[in-house]
Amino acid sequence: MSQKTALVTGAARGIGLATSKLMIERGWQVAMLDRDKEELEKVSAELQHATAFYCDVSIPSEIDQTVPAILERFGRLDAVVNNAGVAHFGPIEGTDFETWRTVMDTNLDGVFLVSQATADALKKTRGAIVNIASISGLRASTLRVAYGTSKAAVIHLTKQQAAEFGEFGVRVNCVCPGPVRTKLAMAVHSQDIIDAYHDAIPLNRYGSEQEIAEVIEFLCSERASYVTGQIIASDGGFESTGIGLPSLRS
Ligand SMILES: NC(=O)c1ccc[n+]([C@@H]2O[C@H](COP(=O)([O-])OP(=O)(O)OC[C@H]3O[C@@H](n4cnc5c(N)ncnc54)[C@H](O)[C@@H]3O)[C@@H](O)[C@H]2O)c1
């Protein structure tokens, strides 16, 4: 009961899995939540101090069942990492309403619903929420009408949550990853896009899951005890930079 507990959504692979592993390494116990049951069971079975919870964050009734089960299992909740996400790249005219809704259901509604369902538990521990948005929520670019808009909304939702939960000692921050070679990114990043990212990023490369997890774990921890309402890009410098990098390099 005295060991700090984190809930990580989208924990079966990619950034969520790396975050779960890092948090366990740093002494947390982790409720690993994902809708991919097979993968979740496989990866969580290999970890100590982790319990798998099969749940789709876009379905309110599943969250209503899962959050009490997490609290019953661990007895406390100190951090929530709203990481589960889906990506779709397509032009505005080619994004039908069903696709738009699918992206919003997980990327925006999921963050709203999980945060709402865990708020009371976090107030008890004066815990923390870390929402995962994206550089696509900070800067517009082609083909990201649904994905980018959902992530921009998560950025604002973070500020709303920080404003309301602050008086209860609950901190809420947002991490905006740059490109990371996960299944999500590789499904939508063509070689052209990969090359364009390399050109536009001062560090001239993709990030790793571990590099994003480090920022998330810091924001969950007491080391960030006076940080709330912040949007932190872990993006190799992409957000801070304008045009001209390839010319400067050559
Ligand atoms: N990889 C990148 O380049 C990148 C860049 C910016 C932001 N992000 C964001 O980081 C987060 C993690 O992305 P990733 O690259 O690790 O993706 P990933 O596809 O490797 O992993 C996402 C995980 O979320 C789970 N998931 C998806 N929808 C869910 C739902 N409705 N309910 C429960 N689980 C669900 C998937 O099953 C999967 O295990 C996402 O929010 C993504 O938008 C990723």
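Okay, let's start right at the ligand: α6 gives the largest share of the shell around it, 3 residues. Keep in mind that this is a predicted model. Helix α6 isn't on its own, though, since α1, α5 and α6 each bring at least two residues to that shell.

So who else is around the ligand? In total, 29 residues surround it, and the closest are I15, D34, N83, Y147 and T182. If you sort the shell by class, you get 14 nonpolar, 8 polar and 7 charged residues.

Now, some contacts. N83, one of the closest residues, has a backbone N or O atom 2.8 Å from an oxygen atom of the ligand. For L184, a backbone N or O atom lies 3.5 Å from a ligand oxygen atom. And over at R35, a polar backbone atom is 3.3 Å from a nitrogen atom of the ligand. How much of the ligand does the protein bury? Taken alone, the ligand exposes 830 Å², and the protein buries 97% of that.

Next up, where does the ligand sit? It's in the largest pocket, and that pocket has a volume of about 790 Å³. Its lining runs to 41 residues, with N83, G85, V86, T182 and L184 nearest the centre. You'll recognise N83 and T182 from the list of residues closest to the ligand, and L184 from its backbone contact with a ligand oxygen.

Which elements build the lining? At least two residues each come from α1 (14-25), β2 (29-34), α4 (97-125), α5 (145-165) and α6 (183-188). Helix α6 turns up here again, giving the largest share of the pocket lining with 5 residues. As for the classes, the lining divides into 21 nonpolar, 12 polar and 8 charged residues.

If you take one thing back to your desk, take α6: the largest share of the ligand shell comes from there, and so does the largest share of the pocket lining. That's it from me, thanks!

Terms used: Residues are numbered from 1 along each chain as its sequence is written. This is a predicted model: local features need pLDDT of at least 70, side-chain atom pairs count only at pLDDT 80 or more; totals for chains, interfaces and linings use all residues. Side-chain values use heavy atoms; hydrogens and water are left out. On a 1 Å grid over the protein atoms alone, a cavity is a set of points where a 1.4 Å probe fits but cannot get out, and a pocket is an open set with protein on both sides within 12 Å along at least five of seven lines; lining residues have an atom within 4 Å of a point. Grid points are joined across faces, edges and corners, and a volume is the space filled by probe spheres set on the points. Helices (H or I, at least four residues) and strands (E, at least two) are DSSP runs, numbered from the N terminus. Ala, Val, Leu, Ile, Met, Phe, Trp, Tyr, Cys and Pro count as nonpolar, Asp, Glu, Lys and Arg as charged, and the others, Gly among them, as polar. A residue is near a molecule or strand if one of its heavy atoms lies within 4 Å of it. A polar contact is a pair of N or O atoms within 3.5 Å; within protein, one must be able to donate a hydrogen and the other to accept it, and residues adjacent in sequence count only if both atoms are side-chain atoms. Accessible areas come from the Shrake-Rupley method with a 1.4 Å probe; for residues, only the protein chains shown count as cover. A molecule sits in a cavity or pocket if more than half of its atoms lie within 2 Å of its grid points.
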